[in-house]
Amino acid sequence: MEAGQRGRLRARELRVDVIPVTERQQTISDGSADFDAIVVGAGIGGIYALYRLRGQGLSVLGLEQASGPGGVWFHNRYPGARVDVESIDYCYYFSEDLYRDWQWSERYAAQPELLRYLNHVTDRFDLRRHILFETPLAAARWHPEESRYHVETATGQTFTCRFLVMATGNLSAARDPDFPGLADFAGEWVQTSHWPDRQVELAGRRIAVIGTGSSGVQAVPILAQQASQLYVFQRSPNFSVPARNRPQDAAQYAEAAAALPARREHLLTTRAAITSNLGVPRRYAAYTAAERTDRLERQWALGGQGMNRIFADQGSDKTVNDVVAEFVRAKIRETVKDQAVAERLCPYDHPIGTRRLCVDTDYYATYNRDNVTLVDISADPIERITRTGIKTRDGHFEVDLIVFAIGFHAFRGALDHVDIRNERGETPTRTWHRGPQTLLGLMTAGFPNFFFLTGPGSPSVLANMVIMNEEHVNFVADLIAHMDANSLATVEPDPAAQDNWAGVVAEAASKLLRVGVKNYMVHVNQDDGSRVFMPYVGGLDRYLEICRDVVASNYAGFVFSPAVADADGSDG
Ligand SMILES: Cc1cc2nc3c(=O)[nH]c(=O)nc-3n(C[C@H](O)[C@H](O)[C@H](O)COP(=O)(O)OP(=O)(O)OC[C@H]3O[C@@H](n4cnc5c(N)ncnc54)[C@H](O)[C@@H]3O)c2cc1C
């Protein structure tokens with residue numbers, strides 16, 4: 001077999017299509033084919049959804065296409081993969097004992113530790129027995145006469161359920177590389193988003209990385225340490241700030257654990273449930289020149305996402321944003337010795353914080369190594385992959401391994417990969433051609449009892465995604481409890497409330513610089529070029545207040561239908 005073919009197969013190996021059902025799996029469902037809730041995806045959201053829904057007495061089944069739990073942290077095993085929100089924040093809060101017992105080893109946990117943690121949670125709460133692994137959801141049909149979804153997996157199993165909960169993630173449907181000539185490549189290629197669960201040979205190899213988003217920025221320093229030569233293909237640079245990673249301070253962790261649950265309550269009153277910053281900022285004008293410099297330098301020394309929160313108005317006022325952006329660009333020039341390379345690494349095409357801020361360890365310093373070359377593909381575009389490497393317009397780079405770090409079909413990719421239909425044969429995203437149509441980022445009109453967690457229209461990826469998932473699962477679980485207590489069979493958004501919510505989401509983003517930037521969070525309408533910012537950017541705190549108001553008003557905006565009484569008089 002050609003080496004290029006091997007590369008393709010390895011990448012495909014990870015996308016399990018049809019796997020025979022093992023005996024163990026068959027017994028998991030105890031022979032039952034009907035469940036109160038089917039939860040698709042066993043990442044952070046899916047694991048907690050199974051726990052929470054089972055806890056209120058529902059029968060649950062989890063379907064996961066991977067061979068184990070962990071979601072993002074199962075799939076993204078690339079060297080350097082780690083969380084960019086502090087671990088002390090980025091973990092479950094639903095169990096105080098769990099929080100207390102687990103001790104993160106680093107300020108920003110690396111992928112193997114995150115995966116261990118998610119396996120630990122799955123086992124600690126005895127959830128594994130509810131999950132069918134290597135079992136992708138392939139199709140689902142709503143049957144109104146039964147108030148149930150009929151669900152089919154890619155392995156050929158069929159189930160029914162009252163509630164279908166898509167915990168399939170916003171960043172789980174990877175973009176596949178489609179460069180011309182890739183099939184001819186004689187070396188090996190891999191994707192950061194589905195890094196193989198085996199040793200990928202790096203030492204002494206000539207390696208190319210294509211893409212310099214968060215994953216590329218994390219992988220480059222580690223790959224550079226092992227490669228004989230590393231070529232980094234950059235289309236447009238992103239801002240990156242130092243993580244300042246270090247061993248987790250045990251005393252700090254113990255203090256955080258002792259302060260539960262107040263710590264969680266506090267996080268819910270913040271914009272993103274992320275604490276690594278200098279506190280709530282004031283507007284630029286409220287600081288003296290010396291104070292501004294002091295804030296910038298202190299945040300740079302502190303490390304992490306807080307560079308987005310130096311001044312309250314940096315996200316909406318370009319001149320204020322320029323101050324922060326220029327500060328980071330100056331740091332890049334200070335770090336990278338070759339000033340021509342430094343300039344190519346400096347982002348000028350977007351204000352800082354309008355794309356996800358990368359958080360790195362030694363990213364810029366890596367360009368001082370003799371074995372690292374930055375290839376600016378905005379000036380010298382890739383034409384094709386050849387048998388031996390990568391051909392750009394002006395050059396040819398001979399490599400043994402290509403690492404694609406090219407991102408995801410964000411927000412709707414996982415929904416679009418499954419054939420989900422309502423009784424009219426429509427798909428959930430059929431009306432999303434001018435941007436997502438959701439109520440609170442949880443449901444879409446026309447799809448009864450169909451939930452997606454952390455969807456567009458919620459703060460989603462702008463917030464700490466563990467907290468975000470916990471809050472969404474709690475909302476869904478409470479809503480189901482409300483329905484069961486009131487003999488309600490179905491729930492779906494009122495289309496008018498959904499339209500109204502789209503307006504709220506748009507209004508929250510309207511004054512922000514980020515709407516105008518090319519970014520996976522922005523949907524651009526093909527006809528008139530108008531732009532829709534997909535997550536709700538008004539803050540997690542405000543969003544949760546709105547959710548609480550919805551609950552307090554008996555779920556205003558949601559439409560319910562009563563359960564149909566059976567012939568014997570009992571509710572169906
Ligand atoms: C590399 C990377 C780093 C990140 N770092 C951070 C961070 O530092 N902080 C932060 O807050 N967020 C971060 N995120 C965002 C991340 O998406 C969330 O933090 C979190 O992991 C999402 O969990 P989830 O359960 O919502 O989705 P996922 O973890 O994506 O889990 C979804 C699961 O659904 C499964 N699935 C999808 N479709 C199907 C199907 N049809 N059938 C069966 N199973 C299916 C997938 O295999 C996957 O296991 C990062 C994302 C990536 C990709």
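**Exercise 1. Is Asn 554 buried, partly exposed or exposed in this predicted model?**

Start with the place in the chain: Asn 554 sits in the loop between helix 17 (540-552) and strand 22 (558-562). Next, take the relative accessibility, which is 53%. The cut-off for exposed is over 50%, so Asn 554 counts as exposed. Finally, check the backbone: phi of Asn 554 is near 60°, a positive value in a residue other than glycine. That's worth a second look, because most residues other than glycine have a negative phi.

**Exercise 2. Work out where Ser 487 lies and how exposed Ser 487 is.**

First, find the loop: Ser 487 lies between helix 15 (465-485) and strand 19 (488-493). Then look at phi, which is positive at about 50° although Ser 487 is not a glycine. Last, the relative accessible area is 31%. Partly exposed runs between the 20% and 50% limits, so Ser 487 is partly exposed.

**Exercise 3. Sort the residues of strand 9 by the way they point, then find the neighbours of the strand.**

Step one, the two sides. Gln 229, Tyr 231 and Phe 233 point one way, while Leu 230, Val 232 and Gln 234 point the other way. Both sets are buried, and strand 9 (residues 229-234) is mostly covered, with six of its six residues buried.

Step two, the strand 8 side. Strand 8 (residues 206-210) runs parallel to strand 9, and five bridges join them. Within this pairing, Ala 208 has Tyr 231 as its bridge partner. To get from strand 8 to strand 9 the chain passes through helix 7 (residues 214-226), making a right-handed β-α-β crossover.

Step three, the other partner. Strand 12 (residues 372-376) also pairs with strand 9 in the parallel sense, over five bridges. Here Tyr 231 stands opposite Thr 373. Put the steps together and Tyr 231 links up with Ala 208 in one pairing and with Thr 373 in the other.

**Exercise 4. Split helix 8 into a buried side and an exposed side, then follow the chain onward.**

Begin with the buried residues of helix 8 (residues 250-258): Tyr 253, Ala 256 and Ala 257. Seen down the helix axis, the buried residues fall within an arc of 100°, so they line one face of helix 8. The face turned away from that side carries Ala 251, Glu 255 and Ala 258, which are exposed. Carrying on, Pro 261 lies in the loop between helix 8 and helix 9 (262-267). Leu 260 and Pro 261 are joined by a cis peptide bond, with omega about -5°. Most peptide bonds are trans.

**Exercise 5. Describe the setting of Phe 133.**

Locate the residue: Phe 133 is in the loop between strand 3 (131-132) and strand 4 (137-143). Its relative accessible area is 4%; buried means under 20%, so Phe 133 is buried. Now look for a contact from elsewhere in the chain. Ala 66 is 67 residues apart from Phe 133, and their C-alpha atoms are separated by 5.9 Å.

**Exercise 6. What lines the largest cavity, and what lines the second largest pocket?**

Take the cavity: its volume is about 70 Å³, and its lining includes Met 166, Asn 170, Phe 411 and Pro 456. By type, the lining has six nonpolar, four polar and no charged residues.

Turn to the pocket, with about 1,100 Å³ of space. Of its 42 lining residues, Arg 271, Ala 272, Asn 308, Arg 309 and Arg 514 lie nearest the centre. The lining divides into 18 nonpolar, 17 polar and seven charged residues.

Methods. Residues numbered from 1 in each chain as written. Predicted model: local features only at pLDDT ≥ 70, side-chain atom pairs only at ≥ 80, totals over all residues. Heavy atoms only, no water. Buried < 20%, exposed > 50% of the residue type's maximum accessible area, 1.4 Å probe, protein only. Helix = DSSP H or I, 4+ residues; strand = E, 2+ residues; numbered from the N terminus. Pairing = 2+ DSSP bridges. Right-handed = clockwise from strand over helix to strand, strands pointing away. 1 Å grid on protein atoms, 1.4 Å probe; cavity = no way out; pocket = protein on both sides within 12 Å on 5 of 7 lines; lining within 4 Å. Points joined across faces, edges and corners; volume = space filled by probe spheres on them. Nonpolar A, V, L, I, M, F, W, Y, C, P; charged D, E, K, R; others polar. Arc of directions from axis to C-beta.
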